[in-house]
Amino acid sequence: MSQARLMEGTALARRTLETTAKRAAHLTERTGQAPCLATVLVGEDPASVTYVRMKRNRCRAAGIESRHVALPAATTTEELVGVLRTLSHDPAVHGILLQHPMGAHIDERAAFEAIAPEKDVDGVTFASFATMSFGLPGFVSCTPGGIMRLLDEYDVDPAGKRAVVVGRSAILGKPAGMLLLARDATVTYCHSRTRDLSAAVREADIVVAAVGRPRLIKGQDIKPGAVVVDAGYNAGNVGDVDFDSAAERASLITPVPGGVGPMTIATLLEQTVDAAARQTGDRGV
Ligand code: NAP
């Protein structure tokens, strides 16, 4: 029987998007220019095509313009960098999203670094990682940013708590840990070379699962009363946490789907409006 309370990302994301849409409308009215997000997709990977379409649809619904650049799979790093630099210099574009992962032939880091930091609304550049890690104003990586919003919404204060982040990817695990650290949690990172993952998870007041392995984290390893955030999304709508057994012991837990996922897009759009406000000098939003 499930005892944990659900941390519902769908409802919070809806409210966040409503606020973002209002801010976008006000900004458009005051500046005569709608916030604009450029999406860049290399190749036609079906999951990436779907993600980009979802993001563009949400933009449209929120009154954010979206400009899409579709590049062939054979695009070179140099060509991609050129496209991203052009968008970085285009005053009509306020935010840039480069959909990833990309083909192995592309130097992903070189591509990300071609995005101007002031337009890095997906929080993927070195500059964004640094500001995020120091708790300074800037753009956060969207999924970790969404996780922090969920924790705030459910009154989970990370200060002084033991947070265990399972996964250390540049876009998810690593920034999630840095955001928790910036909020004074005591953070442990686990990864594929961690010895005795169970023992590490058992210490956690807050568990963030960001692995991509279905139901890797079992309820028996969840400390009673812990907060469990499952960012994993695996085939069959399954997270990285074994939901049923974890919900028996956790105080709060995110569902999959409907937990972390919806917050990612909401954060992206919110940051696009933030970027437009900064670039147009509009202080009203
Ligand atoms: P990733 O780049 O593949 O990274 C996975 C991480 O998990 C790596 O750090 C890896 O360790 C670690 N790992 C792998 N096997 C492990 C094991 N057995 N024990 C402990 N750690 C292990 O994946 P990602 O892009 O961060 O995504 C992770 C998950 O989040 C996926 O399910 C993805 O679909 C989901 N995701 C969701 C959203 C959303 O909006 N909800 C957004 C992005 C990603 P090493 O570093 O040692 O290899």
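Me: How many Å separate the centres of domain 1 and domain 2, taken over C-alpha atoms?
Reply: Happy to start there, with the reminder that this is a predicted model. The protein is divided into domain 1, residues 31–119, and domain 2, residues 142–260. Taken over C-alpha atoms, the distance between the two domain centres is 29 Å.

Me: Which strands are the edge strands of the open sheet ordered β3-β2-β4?
Reply: This open sheet has three strands, and the pairing is parallel. An edge strand here pairs on one side only. That description fits β3 (65–71) and β4 (95–98).

Me: By how many degrees are neighbouring strands of that sheet turned against each other on average?
Reply: The sheet in question is the one in the order β3-β2-β4. With direction ignored, its neighbouring strands are turned against each other by an average of 20 degrees.

Me: Which residue in β4 stands opposite L37?
Reply: Strand β2 covers residues 36–42 and runs parallel to β4, with four bridges joining the two. Opposite L37, the residue in β4 is G95.

Me: Where is P101, which loop holds it?
Reply: Let's begin with its backbone: the peptide bond joining H100 and P101 is cis, with omega about 5 degrees. As for its place, P101 is in the loop between β4 and α4 (108–113).

Me: What is the strand order of the open sheet with six strands?
Reply: Its pairing is parallel. The edge strands, each pairing on one side only, are β1 (5–6) and β6. From one edge to the other, the order reads β1-β9-β8-β7-β5-β6.

Me: Which residue in β9 is the bridge partner of V227?
Reply: Strand β8 spans residues 227–230 and is joined to β9 by two bridges, the two strands running parallel. In β9, V227 has as its bridge partner L252.

Me: Which loop holds P257?
Reply: Here is another cis peptide bond to look at, running from V256 to P257 with omega near 0 degrees. P257 lies in the loop between β9 (252–253) and α10 (260–280).

Me: Are α6 and α7 parallel, perpendicular or oblique to each other, and why?
Reply: The axes of α6 (residues 142–153) and α7 (residues 173–182) come within 9 Å and cross at roughly 40 degrees. Roughly parallel would need an angle under 35 degrees, and roughly perpendicular one of 65 to 115. The crossing angle satisfies neither, so the two helices are oblique.

Me: How many nonpolar, polar and charged residues are in the contact of α6 with α7?
Reply: α6 passes α7 in a right-handed crossing. From α6 the contact takes P144, G145, M148 and L151, and from α7 it takes P175, A176, L179 and L180. Gly counts as polar. By class, the residues are seven nonpolar, one polar and no charged.

Me: What phi does D184 have?
Reply: D184 lies in the loop between α7 and β6 (186–190). Although D184 is not a glycine, its phi is positive, at about 70 degrees.

Me: How is α1 oriented to α6, and why?
Reply: The axes of α1 (residues 9–31) and α6 come within 11 Å and cross at roughly 100 degrees. Angles of 65 to 115 degrees count as roughly perpendicular. Therefore α1 is, relative to α6, roughly perpendicular.

Me: How do the residues of the contact of α1 with α6 divide into nonpolar, polar and charged?
Reply: In α1, G9, L12, R15 and T16 meet R149, L150 and E153 in α6. Arg and Glu count as charged. The contact divides into two nonpolar, two polar and three charged.

Definitions and conventions:
Residues are numbered from 1 along each chain as its sequence is written. This is a predicted model: local features need pLDDT of at least 70, side-chain atom pairs count only at pLDDT 80 or more; totals for chains, interfaces and linings use all residues. Side-chain values use heavy atoms; hydrogens and water are left out. Axes are lines fitted to C-alpha atoms, for helices over the stretch in contact, and angles run from 0 to 180 degrees between N-to-C directions. Angles under 35 degrees count as roughly parallel, over 145 as roughly antiparallel, 65 to 115 as roughly perpendicular and the rest as oblique. A crossing is left-handed if the near helix is turned anticlockwise from the far one by less than a right angle, and right-handed if clockwise. Contact means heavy atoms within 4.5 Å. Domain bounds come from an automatic or database domain assignment. Two strands pair if DSSP finds at least two bridges between them.
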